[in-house]
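Biologist: Could you pull up the model, so that we can go through a helix and then an interface?

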Amino acid sequence: MDLPFSGDLIAALVFPGVLGIFGFLVVAIWLERKLVARVQWRYGPLYVSKPLGGLLQPVADLLKLVFSELVLPRHTNRLFFAAAPILLFFAEGLPVVFIAAAPGVVMAPHPYGLAIAVVLVLLVAVLVVAMAWTEADKFTYVGAVREILLTAAYEVPLLLAALAMFILYGTADPYGVVEAQSNLWGAVLNPLAFVAYLVALLMATTRFPFEIPEAEPEVVLGPYTEYGSTLFIYAFGANYVKLYVLALLGSVLFLGGWLPAGGLAGVFITLVKMLVFVLPAMLVRAIYPRYRIDQALRIGWGKLLALSVAAVALSLVWRLLR
Amino acid sequence: MQRTEWPFNLEVGNTFFVESEEELRGGRRGLTLVVGPQHPGSGHMRLFVVLDGDMIVDVVPDPGFVHRGIEKLAENRPYWTVLPLVEKASIMDSMNIMYPLVLALEKALGLEPPPRAKYLRTIMAELTRIRTHLYDMALLGIFLGHSTAFMWGFALMDLYAEVFAKITGTRTTIAYPVPGGVRRDVKPEHVEAIRRLLEVSRRKLKDFKTLFLDNPVTRARLEGVGTLDVKRVTELGVVGPFARASGVDYDVRKIHPYDAYSEVDFEVVTEKAGDAWARTWVRWREIHVSMSIVEQLLKNLPGGDVIDEALLFKNPEYRREGVGGVLGVYTYMYPEPGEYMAVTEATRGATLVHLWTTGTQRIYRMRFVTPSWRNLHAMVEAMKGHRLADMPAVYMSFGYFPPEADR
Amino acid sequence: MVAILIFVVVFLGALVALVVVTFLFAPRRPSEIKERRFESGGPPYGPVQRRLLMQYFGYIYLVTVVEAAVGLALVAVLTAQPSAPMLYLAIALLLAAVLIVVLRYFKVLNDIRRWS
């Protein structure tokens with residue numbers, strides 16, 4: 001091992017662990033605002049740290065939120081009200097335990113690691129609904145129901161896209177998956193699964209054409225309506241953590257992870273590859289309005305399902321040819 | 001808190017919206033969503049939306065949050081100070097919304113603007129029409145979640161504000177027309193500025209259309225939503241582009257041409273479908289019609305004064321002096337006693353001003369009917385039976401502007 | 001294993017610590033209005049939890065079945081011998097069945113009148 005520290009410790013604390021998650025929160029919010037501003041004839045954040053292009057603006061915002069009053073509404077169960085967003089944020093970050101960012105840089109190497117990560121990602125929707133339910137507000141209620149329905153729309157395609165890749169590689173071990181892509185990336189071998197995964201990612205992180213549970217003109221902020229202060233950071237930031245996890249998972253599943261490097265360089269390559277998933281997710285905000293929930297369901301169970309089934313079929317064909 | 005305080009008398013039998021689950025037809029259960037006033041999708045109003053699952057069963061509007069009593073205020077002040085007051089009803093549409101009052105006052109005072117003033121007023125009316133349509137499009141964009149349409153729409157509106165500032169001295173509430181003329185004459189560079197403005201907007205609007213109106217998601221959100229057919233639209237008394245979107249071929253500019261409208265060649269834009277998309281598309285086409293009207297008027301812009309000769313009896317220099325001098329002249333003029341009425345086509349529909357004057361400089365009574373108020377009922381009717389997500393789409397497809405409705 | 005423990009402790013610890021910071025240092029001026037339920041600026045009105053969005057119930061029904069089947073396929077693929085043509089045939093048949101069912105009932109699923 002050519003790493004200064006033991007790899008799993010780096011994975012836990014730096015990348016893809018704690019520091020990576022919080023750092024991504026700051027950078028992603030900044031990047032999103034900057035990119036979208038570019039499209040919209042604006043500059044985006046510039047007031048805080050002008051030389052850095054306003055990079056510290058999200059930090060300032062987060063600090064401001066940390067030091068603003070913590071209101072726990074009386075009609076809710078206050079303990080659950082405070083605990084729900086913490087658990088949600090934590091649970092969104094949990095799948096990184098099983099995903100490797102570079103050889104050795106993984107907290108828990110496991111032969112079915114990526115499959116477990118996928119399942120963990122899908123489980124989190126339960127917590128969003130629980131959070132919305134705890135808030136006990138009409139808007140969070142509608143938001144929670146929409147979250148359930150949106151989950152129903154993307155779960156099967158996401159699972160099928162993962163299934164297609166697992167059939168193709170014959171394993172769910174992060175090392176095995178990356179090794180199988182040493183000649184050709186998964187995105188090239190099975191572009192259908194890649195596209196299906198990308199769309200499912202947009203749905204799972206409620207990015208723009210599917211930003212339905214927190215549609216502002218109808219349900220204010222959806223499941224996060226009642227929150228303020230630090231709890232709002234968690235409730236609102238949880239989606240960014242999910243984006244982080246799914247981008248990391250996607251770069252390992254489809255883009256060959258840390259290849260062609262290893263060690264510390266591999267970590268940086270993984271980071272760059274994550275941009276392939278993160279940038280589209282940021283830019284769709286500038287391009288698309290949002291669908292209605294019924295349209296999202298129709299897409300999920302229509303075109304997206306067909307696409308992901310075709311992806312599995314393609315993988316089966318590849319597998320039988322080999 | 002007393003249960004009778006809010007929102008209405010909640011005693012049994014006195015509610016006008018669904019209170020309990022059993023009240024819905026067929027024993028369906030409902031959730032009353034209170035949308036507004038502190039809600040990102042309501043504007044300055046409140047909507048009680050009764051939901052059955054995701055379907056809107058009933059909508060009860062509660063307007064009046066920005067009621068300023070413009071009609072009552074107008075009774076207590078000299079008639080020349082009513083002009084900027086009326087304008088505030090709809091600041092984006094400032095020229096069009098005060099147009100009928102100016103026309104009515106002209107009838108009362110026996111003034112006739114010179115041809116150049118008529119042309120200039122019509123040009124400004126069409127420019128504010130474009131700006132208001134852009135404003136409504138931008139808000140439709142953000143209501144559907146398209147922030148780029150919102151930003152681009154507002155950026156384009158700012159170009160119009162800049163040109164208005166050059167010509168009239170103010171960006172938004174331009175108060176350009178006065179009885180018997182306009183406040184300021186345009187200079188050649190202003191004409192050039194308007195030409196350039198139209199050229200730039202044409203170019204930018206093409207991008208706007210590509211990204212927003214041609215967007216498959218936008219189309220999916222608007223098509224077939226909030227449909228009102230011709231019969232329903234006429235029953236509900238809808239005016240303006242929203243009636244024309246259902247096939248009502250009525251435009252005050254064509255039927256009762258005022259000022260320079262009789263001298264330009266333009267089509268009345270109509271659509272058949274009557275859904276949210278048709279209402280959006282009609283307004284989009286109207287932007288282009290307005291541009292062609294402005295261009296025609298600029299080409300034939302006559303020379304001469306911009307103030308009626310009758311206003312120059314105190315001092316002939318007033319024709320050049322601008323607003324201060326002319327407004328001073330009004331203090332010597334008294335409207336003839338009687339009733340005067342004028343209707344114009346504002347951006348969101350026909351606007352009516354009905355004046356009762358008794359011979360003093362104070363107006364006895366002013367009736368002021370604005371298009372948003374006429375369209376409110378139809379908007380609410382169009383929402384019923386659709387999904388909750390269609391509520392903002394229908395709302396902004398009617399370009400509903402609460403300050404304009406509440407007056 | 002230690003790494004997971006460190007991750008969980010540090011991550012959860014950081015999250016809780018920030019809330020504690022807020023709790024200790026953020027100003028607190030409680031009022032009745034702040035603690036009310038959000039109702040667009042009005043006082044809370046009417047019960048919250050009501051009828052679920054039944055119009056889309058068909059999808060939920062579908063997802064419970066299909067997801068379980070796909071999960072089963074996932075497990076089978078990951079635990080099977082390296083090359084098992086019979087398994088692949090089974091997966092193909094399963095997905096074909098799912099497609100046929102969804103295609104057959106797609107209109108019904110989207111028809112909200114049937115579900116309300």
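**A helix in chain B, then chains A and C**

Modeller: In α6(B), the buried residues (under 20% relative accessible area with a 1.4 Å probe, protein chains only) are H190(B), V191(B), A193(B), I194(B), L197(B), L198(B), S201(B), L205(B), F208(B), L211(B), F212(B) and L213(B). This is a predicted model, where local features need pLDDT of at least 70 and side-chain atom pairs count only at pLDDT 80 or more, while totals for chains, interfaces and linings use all residues. Residues are numbered from 1 along each chain as its sequence is written, chains are lettered from A in the order in which they are written, and side-chain values use heavy atoms, without hydrogens and water.

Biologist: What covers the buried residues of α6(B)?

Modeller: The cover includes α13 (263–287) of chain A, along with α4 (115–143), α5 (147–168), α7 (216–222) and α11 (276–299) of chain B.

Biologist: Switching topic, how many residues of chain A are in contact with chain C?

Modeller: On chain A 70 residues are in contact (heavy atoms within 4.5 Å) with 62 residues of chain C. Between them the two chains bury about 5900 Å², 78% of it on carbon and sulfur atoms, where buried area is the accessible area (1.4 Å probe) that two parts lose on being put together, summed over both.

Biologist: And how many salt bridges across that interface of chain A and chain C?

Modeller: The rule, a side-chain nitrogen of Lys or Arg within 4 Å of a carboxyl oxygen of Asp or Glu, finds 4 salt bridges there. One salt bridge joins E39(C) to K138(A), with the closest N and O atoms 3.4 Å apart.

Terms used
Buried < 20%, exposed > 50% of the residue type's maximum accessible area, 1.4 Å probe, protein only. Helix = DSSP H or I, 4+ residues; strand = E, 2+ residues; numbered from the N terminus.
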